[in-house]
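Please open the model in the viewer and keep the selection panel at hand. The tour below proceeds by selection, with a short account of what is found at each stop.

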Amino acid sequence: MQDYIPALSGDPMGCVDSQPDIPVATYSGLEEFSATPVYDGGDFLSQDTEDLSSGMSNMNMAREEPEFLKKWKVEQEERLKKKDENEEVMKEKLRLQARQELEDWYKRYETQLEQTKSTNREAESDFVAEVGGMNHIEPGSEWERVSKHCDFSAKAPGHTKDVSRMRSILLQLKQSPPPTKA
């Protein structure tokens, strides 16, 4: 057997005339489906659209709201508008009240600040007068001056340590100071 490769057209080595003609396929398989549809002169979608439109008209009727529901919606909208108006009025009242309370708070703050400043000035003047006389401290009065600055209450708030021994020593030194070396 001999292997035979047919020459292509335009091939310089092959000879086209020496080959037998190759048959061309004429059947594509689409001939069965290319038959024209039967047309009876009417609209071929008319039957379907009539059924659809009747169904849609039923849907439109179902979408219409009952009268009581329409009435309720209108009343609800009016109630909500009234509520919104009342809310705005109440907000404005609260704003005014808050503004007034803030002004009152600032007034109290200013008066309290002035009072604290005056109290501090008085305490400072007393302290300066006391410290100014430090140069002429009488012997034996030191512990009395120290005891003035100490809190001898049983338990002062905020203290967590036991200071009773120190307190008793300071009181003892105040009552009977040690002899001074002269």
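Begin by selecting lysine 73, which is partly exposed, with a relative accessible area of 40%. Please bear in mind throughout that this is a predicted model. Add glutamate 65 to the selection: lysine 73 forms a salt bridge with glutamate 65, and their closest N and O atoms lie 2.6 Å apart. Glutamate 65 likewise counts as partly exposed, at 33% relative accessibility, because the partly exposed class lies between 20% and 50% relative accessible area. As a general matter, side chains of opposite charge can pair when their charged atoms come close.

**The whole chain**

Now clear the selection and display the complete chain. How many helices and strands are there in the chain? The chain has 4 helices and 0 strands, and its pattern along the sequence reads α-α-α-α. Colour the residues by accessibility: of the 182 residues, 4% count as buried. The accessible surface of the chain amounts to about 17,700 Å², and carbon and sulfur atoms account for 57% of that surface. If contacts are displayed, consider those with a separation of 6 or more: 35% of them are made by residues 24 or more positions apart.

**Two further salt bridges**

The salt bridges in this model come to 3, one of them being the pair of lysine 73 and glutamate 65 already visited. Select glutamate 77 and lysine 81 next. These two residues form a salt bridge in which the closest N and O atoms are 3.8 Å apart. Where do glutamate 77 and lysine 81 lie with respect to each other? Both belong to helix 2, and because they are 4 residues apart there, about one helical turn separates them. Glutamate 77 is partly exposed, with a relative accessible area of 47%, and lysine 81 is also partly exposed, at 49%.

Continue to arginine 95 and glutamate 92. Their side chains meet in a salt bridge with an N to O distance of 3.4 Å. Both residues lie in helix 2, 3 residues apart, or about one turn of the helix. Arginine 95 counts as partly exposed at 43% relative accessibility, and glutamate 92 counts as partly exposed at 39%.

**A patch of negative charge**

Select Asp84, Glu85, Glu87 and Glu88 together and show their side chains. What do these four residues form on the surface? They gather there in a patch of negative charge. To place the patch, centre the view on aspartate 84, which lies in helix 2, the segment spanning residues 67–132. Aspartate 84 is partly exposed, with a relative accessible area of 45%.

**A nonpolar patch**

For the last stop, select Leu102, Trp105, Tyr106 and Tyr109 and switch on the surface representation. These residues form a nonpolar patch on the surface, and together they present about 430 Å² of accessible area. Centre the view on tryptophan 105, which is found in helix 2. Is tryptophan 105 buried, partly exposed or exposed? Tryptophan 105 is partly exposed, its relative accessible area being 41%. With tryptophan 105 still centred, aspartate 84 may be added to the display, as that residue too has its place in helix 2.

Note on methods:
Residues are numbered from 1 along each chain as its sequence is written. This is a predicted model: local features need pLDDT of at least 70, side-chain atom pairs count only at pLDDT 80 or more; totals for chains, interfaces and linings use all residues. Side-chain values use heavy atoms; hydrogens and water are left out. Patches are made of residues with over 30% relative accessible area and no salt bridge: like charges are joined within 9 Å, nonpolar side chains (Val, Leu, Ile, Met, Phe, Trp, Tyr) within 5 Å. Accessible areas come from the Shrake-Rupley method with a 1.4 Å probe; for residues, only the protein chains shown count as cover. Lys and Arg count as positive and Asp and Glu as negative; His and the chain ends are not counted. The place of a charge is taken as NZ of Lys, CZ of Arg, CG of Asp or CD of Glu. Helices (H or I, at least four residues) and strands (E, at least two) are DSSP runs, numbered from the N terminus. Buried means under 20% relative accessible area, exposed over 50%, partly exposed in between (1.4 Å probe, protein chains only). Contact means heavy atoms within 4.5 Å.
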